[in-house]
Amino acid sequence: MGEHVIKLPDIGEGVAEAELTEWEVAVGDEVREDQVLAAVMTDKATVEIPAPRDGKILWLGPAIGDVVAVGSAIIRMEVAGEGNVAPGEALPEPEPAPQPEPAPKPLAPEAAPAPVAPAPAPEPALTPAFAEEDLRPASAEIGLPRPPGEAPLASPAVRRRAMEGGIDLRRVPGTGPAGRIVHDDLDAFIATGGLPVGAPGTAKVRNTGVEEIRVVGLRRKIAEKMATSKSRIPHITYVDEVDMTALEDLRAKLNADRATEQPKLTLIPFLMRAMARAIADQPEVNALFDDDAGIIRQHGAINIGVAAQTEKGLVVPVVRHVEALGLWDCARELARLAEAAREGRASREDLTGATITITSLGALGGIVTTPVINHPEVAIIGVNKLAVRPVWQESAFVPRKMMNLSSSFDHRVIDGWNAAVFIQRIKDLLEAPATIFIDE
Amino acid sequence: MSDQRCQFLVIGGGPGGYVAAIRAGQLGLDTVLVEKDALGGTCLNIGCIPSKALIHAADEFEKARHFANGSALGISAGTPAIDLAKTVAWKDGIVGKLTGGVGSLLKRAKVRSLIGQARFLDGRTVRVEGEDGPLTIRAEQICIATGSAPIELPALPFGGKIISSTEALSLAAPPEHLAVIGAGYIGMELGMAYAKLGSQVTIVEAEDRILPLYDQELTRPVAKRAGALGIDIRTDARARGLSDDGALEIEGEEALPADTVLVTVGRRPVTEGCGIENLVLDLDGPFLAIDDQCRTSMRTIFAIGDVTGEPMLAHRAMAQGEMVAEIAAGEPRRWDKRAIPAICFTDPEIVSAGLSPDAAAAAGHEIVTAQFPLAANGRALTMEAADGFVRAVARKDNHLLLGLQAVGAGVAELSASFGLALEMGARLEDVAATIHAHPTQGEALQEAALRTLGHALHI
């Protein structure tokens with residue numbers, strides 16, 4: 001029997017630390033070689049840590065949400081035969097890596113133990129010996145204000161008010177410390193008609209529970225990114241409608257005739273190509289604004305991030321060098337990236353380096369959105385829902401397949417006029433799709 | 001014989017009765033108060049207030065005696081003397097001021113006060129034998145607040161050298177040798193006061209320790225101080241009576257020469273003399289039984305204060321009186337107090353509110369508790385009062401405070417914070433997070449809470 005220590009592997013270029021986002025196993029589990037043990041997340045990529053050989057989990061180091069330095073021990077396993085450390089050898093404690101510099105503090109309170117934190121995390125000295133949840137009446141699920149037989153706790157003023165209002169405090173749930181009934185609880189009780197909570201015949205029951213969810217992993221990254229974008233960038237959002245009838249006809253034709261190995265075309269590749277044409281005229285929108293340094297970097301490469309929804313939230317895989325890709329190339333790359341992102345296997349490369357972004361909610365797209373720019377980019381093109389609408393043409397309404405584009409620009413570096421010209425150009429290209437593909 | 005009617009009749013003008021009457025008057029009830037003796041009752045006339053006056057005088061005298069031998073403070077003074085008759089006169093002045101104040105408060109609340117012995121004719125009618133002749137009063141609602149009186153020992157009937165607390169508050173001179181029967185709070189307070197006034201004091205207690213109603217942690221500093229004052233405490237001892245030569249006989253011990261024997265073995269409810277027995281009210285032991293609205297078994301008759309049993313405390317009676325008046329005026333009220341603080345004005349003082357650790361555990365609570373010693377409190381040290389501590393008792397699961405206790409010089413004033421914290425349903429964290437002014441003894445309360453939480457700062 002030996003002990004095998006798994007350290008956080010080097011995940012990719014320049015990555016010095018990663019955030020532990022998931023434990024797939026618990027201490028005591030028997031695992032097989034290649035079984036996924038944990039997931040860690042760097043800036044955007046999620047990397048799974050597989051078991052190097054069969055064995056039994058002895059110790060799980062970091063808690064979920066901890067940022068761990070590359071090379072620190074995160075798992076110890078008992079393995080048959082020799083391990084990779086001498087038995088009993090003291091392991092250096094996993095060093096928590098410093099938080100990435102620009103990132104604001106994690107939203108979750110540091111002291112709060114993660115819900116599934118492994119045992120060894122010592123409790124900070126000042127943490128009370130019980131968790132806040134413990135203060136909730138144990139019988140909250142069944143709607144009783146407090147355990148049977150326990151007298152209600154309330155200040156004299158609250159007691160007086162209840163007495164004068166004819167309210168039996170035993171029926172009033174308390175949300176204050178130690179289940180104390182406060183004036184707000186009385187107000188709420190009165191507002192609900194003073195129905196006996198959980199009494200037979202009342203279908204609805206007040207739920208005063210509060211669930212604490214630690215914001216970790218991808219959700220935390222998204223929260224930080226969004227906060228940075230919205231706090232730093234004065235957004236101007238411009239909406240226009242596009243007649244997609246001609247493009248939809250073309251798309252249907254191309255899909256009908258496509259070869260088996262070709263992916264099904266969605267609207268996005270057309271939009272990407274149209275954007276590439278429009279950017280050629282207005283390179284200022286395909287840029288990264290380093291606002292700390294005061295430098296705008298206009299990129300020759302048109303790397304389009306396409307926001308995709310996955311189970312765990314939003315990720316933005318990047319189609320690189322759209323200026324050099326044809327329509328089918330775009331579609332193919334997009335399909336590959338979308339699948340990788342959805343399955344959580346997108347590489348770091350796949351997820352970084354965008355110079356401009358498309359966001360689309362597909363069929364959920366609504367009429368208008370106010371997209372949030374992916375800082376430090378300066379533009380984001382939002383695709384709304386395509387629908388047949390009546391359009392006035394010459395002397396009659398005709399049914400047309402209409403779609404809105406809701407796009408946001410960094411108003412510090414893009415004037416409203418330029419934003420409008422850019423979107424009008426895309427609109428023209430999409431409405432006469434042949435022009436997308438005709439070389440000048 | 002003239003007849004009168006009223007809406008609310010109070011029998012007894014002690015702290016319970018006069019508060020009930022004032023509040024009823026404020027609420028517009030036509031109210032009559034009957035007092036057989038003096039407004040203010042035991043508390044103002046022969047209890048709380050005069051005993052505190054005597055204790056204060058004894059403390060001051062003892063301080064002066066202490067300075068006569070020089071002191072660590074560098075103060076020295078001549079040998080003091082005390083004219084106890086003058087002290088008693090000063091005390092009577094305070095009592096007079098306060099009872100006079102009660103009279104004018106009643107007047108301002110439009111309460112008719114009568115001096116005389118009240119006697120129930122039936123559940124709604126009371127006959128008063130007063131200075132102005134007999135009078136019959138018919139009342140819609142009646143509040144019995146007749147209080148309590150010292151218990152007499154059959155072997156040591158009051159009279160002559162055998163006195164109760166009442167006489168002990170008006171002695172002409174400190175007895176040379178004072179024997180105190182009963183080491184409850186009254187016996188300890190007065191025994192310590194007379195020891196300071198120069199009497200040779202012996203305290204005879206049947207239980208195995210002084211102040212048996214308080215836990216030993218709290219009483220230990222008092223026992224220590226009593227020893228330092230030269231008080232001879234005999235525990236597990238029973239007084240049997242006086243010998244022919246006037247010495248106090250104690251079971252199995254030598255007779256004790258004593259020129260004064262103070263009997264403080266408890267207080268009994270005053271129910272005789274006012275015809276309460278005619279009403280056949282339900283009793284709880286010797287006391288009148290009451291419900292959570294202080295109603296007796298007769299719906300229109302309330303009872304409050306000592307006549308309803310323990311704890312026999314003026315502030316309990318006052319709170320009951322206020323509540324009863326409001327109920328009588330038609331307001332919805334119910335006794336829902338969480339804490340009735342109790343204080344021993346011994347040296348050092350003891351204050352207790354809510355449950356002691358033992359009582360909390362006995363009530364089935366899982367508790368956390370800790371005490372903060374006054375020896376670590378700056379203010380206590382500057383007052384030469386390092387003996388004692390503040391203690392917090394809380395539920396283990398949610399840190400709800402169950403009890404607060406303290407022993408130390410001047411800690412009686414902490415009872416306000418203790419009562420407030422308990423009544424408001426404070427948790428340890430609430431007290432710990434409240435800024436307590438420095439340098440005060442109150443800081444010890446905050447520290448006791450912190451220490452119970454496991455992170456006291458100053459110890």
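**Contacts and cores in a predicted two-chain model**

Modeller: In this predicted model, 15 residues of chain B are in contact with 16 residues of chain A.

Biologist: What makes a residue pair a contact between chain B and chain A here?

Modeller: Their C-beta atoms, placed from the backbone, have to lie within 7 Å. On the side of chain B that touches chain A, seven residues are charged, four are polar and four are nonpolar.

Biologist: Thanks! Now to Ala68(B), in helix α3 (residues 48-68) of chain B. Why is Ala68(B) called partly exposed?

Modeller: Ala68(B) has 14 other C-beta atoms within 10 Å. A buried residue needs 20 or more, and an exposed one has 12 or fewer. The value of 14 falls in between, so Ala68(B) is partly exposed.

Biologist: And which residues does Ala68(B) touch beyond four places in sequence?

Modeller: Those are Ala77(B), Gly78(B), Thr79(B) and Pro80(B). Gly78(B) is ten residues away from Ala68(B) in sequence, yet their C-alpha atoms are 5.2 Å apart.

Biologist: How do you know that Ile181(B) belongs to a nonpolar core?

Modeller: Ile181(B) is a member of the largest nonpolar core, which has 99 residues. Membership asks for a buried residue of a listed nonpolar type, joined to others through C-beta atoms within 7 Å; therefore Ile181(B) counts as buried. Together with Leu401(B), Ile181(B) touches the most other members. Helix α6 (residues 185-196) of chain B gives the largest share of this core, eight residues.

Biologist: What is in the second core?

Modeller: That separate core has 55 residues, among them Ile304(A), Ile358(A), Ile381(A) and Ile423(A).

How values were computed
Residues are numbered from 1 along each chain as its sequence is written. Chains are lettered from A and ligands numbered from 1 in the order in which they are written. This is a predicted model: local features need pLDDT of at least 70, side-chain atom pairs count only at pLDDT 80 or more; totals for chains, interfaces and linings use all residues. Two residues are in contact if their C-beta atoms, placed from the backbone, lie within 7 Å. Ala, Val, Leu, Ile, Met, Phe, Trp, Tyr, Cys and Pro count as nonpolar, Asp, Glu, Lys and Arg as charged, and the others, Gly among them, as polar. Helices (H or I, at least four residues) and strands (E, at least two) are DSSP runs, numbered from the N terminus.
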